[in-house]
Amino acid sequence: MTSPLRLLIHGASGRMGQALLRLAAERDDLSVAAAVARKSPAQRVVEGVPQFAASELNGVPEFDVAIDFSLPEGFDPVLALCVQRGCALVSGTTGLSSAQNQAIDAASAGIAVVWAANYSLGVAVLTELVRRAAAALPAWDCDLIEAHHTRKLDAPSGTALHLGQAVAIGRGSEPHYASLRAGDIVGEHLVQFASAGERLELIHRATNRDIFARGALEAALKLARQAPGRYRLAELMFPNL
Ligand SMILES: NC(=O)C1=CN([C@@H]2O[C@H](COP(=O)(O)OP(=O)(O)OC[C@H]3O[C@@H](n4cnc5c(N)ncnc54)[C@H](OP(=O)(O)O)[C@@H]3O)[C@@H](O)[C@H]2O)C=CC1
Ligand SMILES: O=C(O)C1=N[C@H](C(=O)O)C[C@H](O)C1
């Protein structure tokens, strides 16, 4: 039997971090070498997983792939650590700056990296449907409405911006964006095309964060086998799309 892939979970105390730790613990092909959050670990998140504060990041034990679901201010240190150690990086942190996006490109000369605004299969399919609808309906009004929980910091969501790029590829112009923050909504994205007398609506509703966490864990297993480079989630995970 091959030894399990060793993960660093970055953002471990968060909503996504907790889902990643729980799902990774259920698998034989994955082990968690380190769980990192911003603050010092007051208590163990998962029994048996070594916990570290962000200030201790450079001292974490050996790992193969870092999975980062933190905040933009936590992204640069984990990218730098992966470059320094020659480890792959799977990141889903949204709200990154264009400089941070360029830093991913630069890092990909030496390590394998995937960054995606959304790790669900449904959004991967939706992206392709949106691109095709936008190409077929270039003159229709296009609006993109996203809804998330009240703790979400960035707006529009990363997924909304990603779908907006698909609209722009399809028809040359971005949609109008609207963002709602309410209750505990996990994540909903509606792309609406409207013309006189008719409307076309394409919707994805996430009801459980495990869909993102499972996608990120699968992406880590795939990325670990890749040469250095920046990979798109679809090419790595959904090559038939
Ligand atoms: N791509 C995708 O599929 C998805 C992406 N996301 C994105 O993932 C990110 C996290 O979301 P969510 O889990 O809801 O957020 P939370 O606020 O619940 O968790 C954030 C985590 O990041 C940690 N953190 C914050 N700042 C730093 C730092 N400077 N260094 C290290 N760790 C830090 C926090 O630690 P502490 O608790 O100590 O503050 C916490 O563990 C967001 O950007 C969100 O948009 C979310 C879902 C799906
Ligand atoms: O912060 C979240 O919760 C989510 N963030 C991602 C985004 O910004 O698109 C993905 C998902 O919608 C949940």
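In this predicted model, the largest share of the shell around ligand 1 comes from helix H1, which gives 3 residues. H1 (15-25), strand E2 (30-37) and helix H2 each supply at least two residues of that shell. Of the 27 residues around ligand 1, those that come nearest are Gly11, Gly14, Met16, Gly74 and Gly92. Sorted by class, the shell is made up as follows.

| Class of residue in the shell around ligand 1 | Number |
|---|---|
| Nonpolar | 11 residues |
| Polar | 12 residues |
| Charged | 4 residues |

Helix H2, one of the contributors to this shell, can be described further. The 14 residues of H2 (residues 72-85) should span 20 Å at 1.5 Å a residue, and because the C-alpha atoms at its ends are 21 Å apart, the model agrees with that expectation. Within H2, the residues Phe75, Val78, Leu79 and Cys82 are buried. They cover an arc of only 105 degrees around the axis, and therefore lie on the same side of H2. This fits the general geometry: an α-helix has 3.6 residues a turn, so residues three or four places apart point the same way.

The buried residues of H2 pack against strand E1 (5-10), strand E4 (65-68), strand E5 (88-91) and helix H3 (98-107), whereas the face turned away from the buried side carries the exposed residues Glu73 and Gln84. After H2 comes glycine 86, which has a positive phi, near 70 degrees.

Note on methods. Residues numbered from 1 in each chain as written. Chains lettered and ligands numbered in written order. Predicted model: local features only at pLDDT ≥ 70, side-chain atom pairs only at ≥ 80, totals over all residues. Helix = DSSP H or I, 4+ residues; strand = E, 2+ residues; numbered from the N terminus. Expected span 1.5 Å × (residues − 1). Buried ≥ 20, exposed ≤ 12 C-beta atoms within 10 Å, placed from the backbone. Arc of directions from axis to C-beta. Contact = placed C-beta atoms within 7 Å. Near = placed C-beta within 6 Å. Nonpolar A, V, L, I, M, F, W, Y, C, P; charged D, E, K, R; others polar.
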